[in-house]
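Biologist: Please take a close look at one part of this model, the pairing of strands and what packs there, and then set that part in its wider context. I would like the cut-offs spelled out as you go.

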Amino acid sequence: MISIECHNVWKSFARKVVLRGVNLAVRPGETIVIMGQSGSGKSVLLKHIVGLLVPDRGRVLVDGVDVARLSRGKLFGLRMRFGMVFQGSALFDSLSVEENVGLAMREHTQFEDEEIRRICREKLHMVGLDAVGDKYPAELSGGMKKRVGFARAIAMNPHCVLYDEPTTGLDPIMSDVINNLIIKLARELKITSVVVTHDLASAYKVADRIAMLHEGVIVFEGTPDEVKSTDHALVRQFVEGRAEGPIAVRSSE
Amino acid sequence: MSTLRNAFQAVGISVLDFFRDVGGSSIMLVRIFARLKELPRTARQTLLQMELVGIGSIPLVIVTSIFIGAVAAVQAAYQFQDYVPMVFLGTVVGKSVILELGPVLTALVVGGRVSASIAAELGTMKVTEQIDAMELLAIDPMRYLVMPRVVACVVMLPVLTIFSDLLAILGGMVVAQASIGVSMATFVEGLRMFFYVDDVISGILKAATFGGIIGLMGCYNGFRTYGGAQGVGKSTMHAVVTSCTCILITNYFLASVLFRVIFYKGD
């Protein structure tokens with residue numbers, strides 16, 4: 001299990017400041033949901049945890065180690081303890097489902113082909129996908145792609161899985177299947193999970209704790225029950241889905 | 001006043017972009033060299049890319065080469081009429097094809113096809129977060145994606161160029177016999193008259209360099225892609241333009257070094 005700490009993390013792209021001093025601690029083994037409006041910097045924060053982005057200011061610590069200060073070799077070592085489910089699945093188009101799931105094993109282990117295939121089938125079975133190993137991503141539905149992304153993320157038995165909008169674009173039933181998978185993986189593999197979403201039903205179902213990111217800062221942290229009962233104006237507006245309130249609707253969206 | 005300022009701004013941005021591209025592609029080249037010792041690990045990907053670059057380009061090379069040779073023969077015969085004996089037709093066609101037309105035109109046509117395809121593929125991978133996903137699987141995209149493509153281009157361009165040289169000479173010979181009235185024996189006699197192995201070597205060296213440019217420009221522009229389908233389109237176009245421009249500019253410097261220094265046959 002992995003602990004994650006963000007200390008005063010700032011990030012900007014060109015002139016747009018996305019993160020304005022994020023402070024957040026993720027305890028080992030917990031499932032934390034980061035919710036917030038589209039464009040509030042949730043995915044950007046997630047990418048800082050695994051060193052895909054480097055903060056302009058502040059530090060991201062994983063098990064007490066500053067991610068931005070790691071050499072490339074050590075960063076790759078750290079990333080092998082993580083899995084990530086991307087918003088658009090990010091499956092490799094030119095590889096079959098089984099090759100997608102088994103790619104990290106082929107690159108980083110000495111396993112025989114047959115062993116890799118067996119593990120791939122096992123992981124695909126865990127996410128409820130059988131007999132799709134030979135298919136290519138273009139032949140799969142959105143929900144199936146998401147689940148293959150799950151299988152790929154857990155292929156190397158990670159200690160922490162990051163989920164970037166895991167239910168976006170899915171129908172309610174498939175969203176619930178995905179939620180159940182997140183809970184199942186967290187329980188069975190005893191991993192730390194960080195879920196970025198603005199899907200409240202999903203957040204309430206999977207979270208041990210929910211943090212709300214607004215205009216680049218964490219404005220609220222609490223359990224799902226605390227989120228439901230809080231009178232925090234920003235959280236209330238977001239939870240109730242009201243256009244009127246302290247959260248301004250961006251004209252560019 | 002504001003029009004003038006905009007014009008200066010546009011020029012300034014273009015100059016900055018140029019230096020950013022030169023710097024960025026140079027850094028990428030250094031990173032590729034630093035990973036060459038890991039080439040055996042990506043042998044499968046490299047062979048696959050060699051097939052895509054080499055075998056995939058053959059139909060294009062066949063058509064362009066035959067007609068390049070044919071046109072070279074027709075143009076030379078037109079210049080020769082009444083002044084130069086037709087025995088030199090093979091010499092001129094052979095020299096121009098081996099030294100210049102073969103390497104440069106093969107690089108330009110293959111470059112258009114291959115650099116566009118590499119930039120589009122890697123650009124799509126970039127905007128759909130596939131490259132981030134690869135990084136997250138602790139797989140170095142520079143080793144897994146870039147190096148195989150650049151190495152494949154460096155290896156396959158000389159092969160395609162030799163193939164193109166042979167076809168162009170054949171095309172020139174057929175046209176010489178069929179429409180100019182120069183027999184194949186005369187054409188071959190002229191071809192052999194001033195044939196130097198150094199010329200072939202210089203053509204191969206040029207082709208390998210052009211191959212490196214094609215692969216590098218395709219990968220560099222692919223990795224710089226942002227902004228969805230429109231971004232992929234822009235990088236694809238930029239890859240073709242930069243690889244063709246770099247090939248033509250590099251061609252001059254290579255010609256100067258190869259023919260005035262390395263293979264110089266003067267005093």
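Modeller: Two strands are taken to pair if DSSP finds at least two bridges between them, and the helices (H or I, at least four residues) and strands (E, at least two) are themselves DSSP runs, numbered from the N terminus. The model is a predicted one, in which local features need pLDDT of at least 70 and side-chain atom pairs count only at pLDDT 80 or more, while totals for chains, interfaces and linings use all residues. Residues are numbered from 1 along each chain as its sequence is written, and chains are lettered from A and ligands numbered from 1 in the order in which they are written.

With that in hand, chain A holds an open sheet of 4 strands, in the order β2-β1-β4-β5, whose pairing is antiparallel. The edges are taken by β2 (16–26) and β5 (65–66) of chain A, each of which has a single partner strand, so one side of each has no neighbour in the sheet. Further in, β1 (residues 4–13) and β4 (residues 57–62) of chain A run antiparallel and are joined by 5 bridges, and W10(A) stands opposite R57(A) of β4(A). Helix α1 (residues 42–49) of chain A packs on this sheet, where it touches β1, β2 and β4 of chain A; contact here requires that the C-beta atoms of two residues, placed from the backbone, lie within 7 Å. The direction of this helix makes about 60 degrees with that of β2(A), the axes being lines fitted to C-alpha atoms, for helices over the stretch in contact, and the angles running from 0 to 180 degrees between N-to-C directions.

For the wider context, chain A is divided into domain 1 (1–81 + 160–253) and domain 2 (93–157), with bounds that come from an automatic or database domain assignment. Their C-alpha centres lie 26 Å apart, and 10 residues of domain 1 of chain A are in contact with 10 residues of domain 2 of chain A. On the domain 1 side, helix α6 (residues 172–189) of chain A gives the most, with 5 residues, and that side comprises 9 nonpolar, 1 polar and no charged residues; Ala, Val, Leu, Ile, Met, Phe, Trp, Tyr, Cys and Pro count as nonpolar, Asp, Glu, Lys and Arg as charged, and the others, Gly among them, as polar. Between the chains, 10 residues of chain B are in contact with 15 residues of chain A, and the chain B side has 5 nonpolar, 2 polar and 3 charged residues.
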